[in-house]
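The following exercises practise the reading of a protein structure. Please attempt each task before turning to its solution.

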Amino acid sequence: EFESSTPHVVMMVSPGMGHLIPLVEFAKRLVLLHRFTVTFVIPSGGPPPKAQISLLSSLPSAIDHVFLPPVSLNDLPPQTKGETIIVLTVTRSLPSLRDQFKSMLTQRNPVAFVVDQFCTIAIDLAREFNVPPYVYLPCSATTLSLVLHMPELDKSVVGEYTDLTEPIKLPACSPFPAKALPDPFLDRKDDSYKYFLESMSRFGLADGIFVNSFPELEPDPINALKLEESGYPPIYPVGPIVKMDSSGSEEEIECLKWLDEQPHGSVLFVSFGSGGTLSSIQNNELAMGLEMSGQKFIWVVRSPHDKEANASFFSVHSQNDPLKFLPEGFVERNKGRGLLLPSWAPQAQILSHGSTGGFLSHCGWNSTLESLVNGVPMIAWPLYAEQRLNAVILIEEIKVALKVKMNEESGIIEKEEIAKVVKSLFESEEGKKVREKMEELRVAGERVVGEGGSSSRTVLEVVQKWRNRN
Ligand code: UDP
């Protein structure tokens with residue numbers, strides 16, 4: 001169906017919706033704006049999750065996908081960290097990736113191989129088959145700077161990062177405390193650090209690195225990455241790339257109808273991304289805090305976890321009804337004022353709805369950019385991965401989010417604090433400032449991805465390079 005001259009790109013994503021969604025969005029741009037075809041190659045440790053299948057099957061026909069045969073992870077102990085599982089899934093899939101490459105080369109000659117941050121181990125294979133490898137990092141330029149400096153940090157810091165008394169200082173980035181580092185840094189003795197370091201150290205082997213940011217959002221970090229004479233591959237800021245649309249299931253339509261009935265800018269959207277969950281105590285405290293705030297809200301409710309904040313990373317739909325875990329009488333008391341969505345929400349549509357006026361978020365970078373393109377200011381409630389780092393830059397550097405303070409002794413964010421910050425976002429001078437700043441960035445973001453904008457030109461530059469290989 002596609003002409004043999006249509007340039008073809010192979011993309012490899014590591015397990016998890018949070019990794020698939022951003023690359024899918026990048027693929028859509030290549031297909032819809034530049035008439036490319038794309039094949040996703042997806043490793044897994046079990047049958048493909050339902051959410052992945054439904055996303056992939058909703059895509060334009062120029063984007064197809066192959067699930068690599070599931071690898072066995074039976075030898076991993078139960079407490080194995082997410083990063084270890086992800087990197088091992090990818091590594092153990094390399095033999096089937098090789099087969100896949102062989103058959104792809106005989107069918108359609110790929111002009112590029114684009115991987116996410118946990119698939120960099122596959123870069124060598126692409127080289128072997130003479131397909132130029134690229135990394136797509138769906139994160140901030142500050143995170144990219146951290147990634148590229150990770151080998152250096154690993155050498156220069158002795159002992160645990162968390163014992164450092166000085167903040168971490170990356171070129172042209174705001175200093176941040178070591179406890180804001182991504183999870184694998186927090187325990188160097190755990191295998192997840194080793195696997196994480198290995199994946200991040202391989203960014204430099206790519207022919208180019210895409211990052212989902214733009215100069216107006218992170219001027220200094222981006223300039224520094226481009227200028228640094230350290231032999232990094234070319235850095236391509238192509239953001240903000242966010243979800244353009246999503247299928248409308250019945251529940252989704254229901255929730256948008258509810259929003260239609262609310263006053264402009266009156267609703268707080270509360271969500272912890274594709275994998276975030278709270279402890280039981282924290283879940284209750286959030287429920288009561290939202291209630292106390294008096295603000296209208298939509299809350300994507302998950303069943304609380306008993307140990308890890310990323311409990312639903314690999315499968316968002318829990319076995320239990322999440323609403324069962326809420327404080328007694330909460331659901332009834334908040335009918336009409338709070339809409340509770342179990343497990344998953346049409347986030348992009350909710351954020352783009354005029355009734356949504358704030359986002360209490362785990363600060364995943366995709367969520368952050370979805371908020372940005374709609375000018376919705378945030379309350380930063382980071383949980384895991386690079387979210388704490390995102391929260392620091394959103395609060396202190398970019399100034400588009402308010403902070404909720406944790407009670408350091410109990411490790412809990414209390415209901416009074418939650419209610420106070422929610423009110424402040426909608427009513428205070430401070431809230432007004434972050435709202436105005438977000439609006440400014442919304443305008444800038446729209447400009448850079450528009451015709452002739454810097455991100456559009458950057459994509460075009462690479463696309464032309466790829467076309468010339470054909
Ligand atoms: N998302 C969604 N509905 C949900 C939760 C998440 O559509 O209920 C989407 C969200 O719009 C974003 C992505 O999943 O595109 C989450 O990515 P992010 O980087 O914010 O966080 P992660 O899930 O990787 O922690």
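**Exercise 1: The shell around the ligand**

In this predicted model, helix 1 (17-34), helix 12 and helix 13 (365-372) each supply at least two residues of the shell around the ligand. Determine which helix gives the most to this shell, and how the shell divides by class.

*Solution.* Step 1. The ligand is surrounded by 17 residues. The closest are Gly18, Gly273, Ser274, Gly364 and Ser367.
Step 2. Helix 13 gives the most to the shell, namely four residues.
Step 3. Divided by class, the shell has nine polar, six nonpolar and two charged residues.

**Exercise 2: Backbone conformations**

State which peptide bond is cis, and determine whether serine 343 and alanine 385 are buried or partly exposed.

*Solution.* Step 1. As a general background, most peptide bonds are trans, and most residues other than glycine have a negative phi.
Step 2. The bond between glycine 239 and proline 240 is cis, with omega about -5°. Proline 240 belongs to the loop between strand 7 (235-237) and helix 9 (250-260).
Step 3. Serine 343 is not a glycine, yet its phi is positive, at about 70°. Serine 343 is located in the loop between strand 10 (338-342) and helix 12 (347-352). Because serine 343 has 16 C-beta neighbours inside 10 Å, it counts as partly exposed.
Step 4. Alanine 385, also not a glycine, has a positive phi of about 50°. Alanine 385 is located in the loop between strand 12 (378-380) and helix 14 (387-397). A residue is buried if 20 or more other C-beta atoms lie within 10 Å of its own. Alanine 385 has 26 such neighbours and therefore counts as buried.

**Exercise 3: The surroundings of one residue**

Describe the position of isoleucine 123: is this residue buried or exposed, and with which residues is it in contact?

*Solution.* Step 1. Isoleucine 123 lies in helix 5, which comprises residues 123-128.
Step 2. Within 10 Å there are 22 other C-beta atoms, so isoleucine 123 is buried.
Step 3. Neighbours within four places in sequence are left aside; isoleucine 123 is then in contact with Val115, Pro133, Arg202, Leu205 and Ala206.
Step 4. Cysteine 363 is 240 residues apart from isoleucine 123 along the chain, and their C-alpha atoms are separated by 29 Å.

**Exercise 4: Two pairs of helices**

For helix 3 with helix 7, and for helix 10 with helix 15, find the angle between the axes and the handedness of the crossing.

*Solution.* Step 1. Two packed helices are described by the angle between their axes and the distance between the axes.
Step 2. The axes of helix 3 (residues 82-92) and helix 7 (residues 191-201) cross at roughly 50° and come within 8 Å. Helix 3 and helix 7 are therefore oblique to each other, and their crossing is left-handed.
Step 3. Glu83, Thr84 and Val87 of helix 3 meet Asp191, Ser192, Tyr195, Phe196 and Ser199 of helix 7. In this contact of helix 3 with helix 7, three residues are nonpolar, three polar and two charged.
Step 4. Helix 10 (residues 280-293) and helix 15 (residues 415-427) pack at about 45°, and their axes are 7 Å apart. Helix 10 and helix 15 are therefore oblique to each other, and their crossing is right-handed.
Step 5. Helix 10 contributes Glu285, Leu286, Met288, Gly289, Leu290, Met292 and Ser293 to the contact, while helix 15 contributes Lys415, Ile418, Ala419, Val422 and Lys423. The residues of this contact of helix 10 with helix 15 comprise seven nonpolar, two polar and three charged.

Note on methods. Residues are numbered from 1 along each chain as its sequence is written. This is a predicted model: local features need pLDDT of at least 70, side-chain atom pairs count only at pLDDT 80 or more; totals for chains, interfaces and linings use all residues. A residue is buried if 20 or more other C-beta atoms lie within 10 Å of its own, exposed if 12 or fewer, and partly exposed in between; C-beta atoms are placed from the backbone. A residue is near a molecule or strand if its C-beta atom, placed from the backbone, lies within 6 Å of it. Ala, Val, Leu, Ile, Met, Phe, Trp, Tyr, Cys and Pro count as nonpolar, Asp, Glu, Lys and Arg as charged, and the others, Gly among them, as polar. Two residues are in contact if their C-beta atoms, placed from the backbone, lie within 7 Å. Axes are lines fitted to C-alpha atoms, for helices over the stretch in contact, and angles run from 0 to 180 degrees between N-to-C directions. Angles under 35 degrees count as roughly parallel, over 145 as roughly antiparallel, 65 to 115 as roughly perpendicular and the rest as oblique. A crossing is left-handed if the near helix is turned anticlockwise from the far one by less than a right angle, and right-handed if clockwise.
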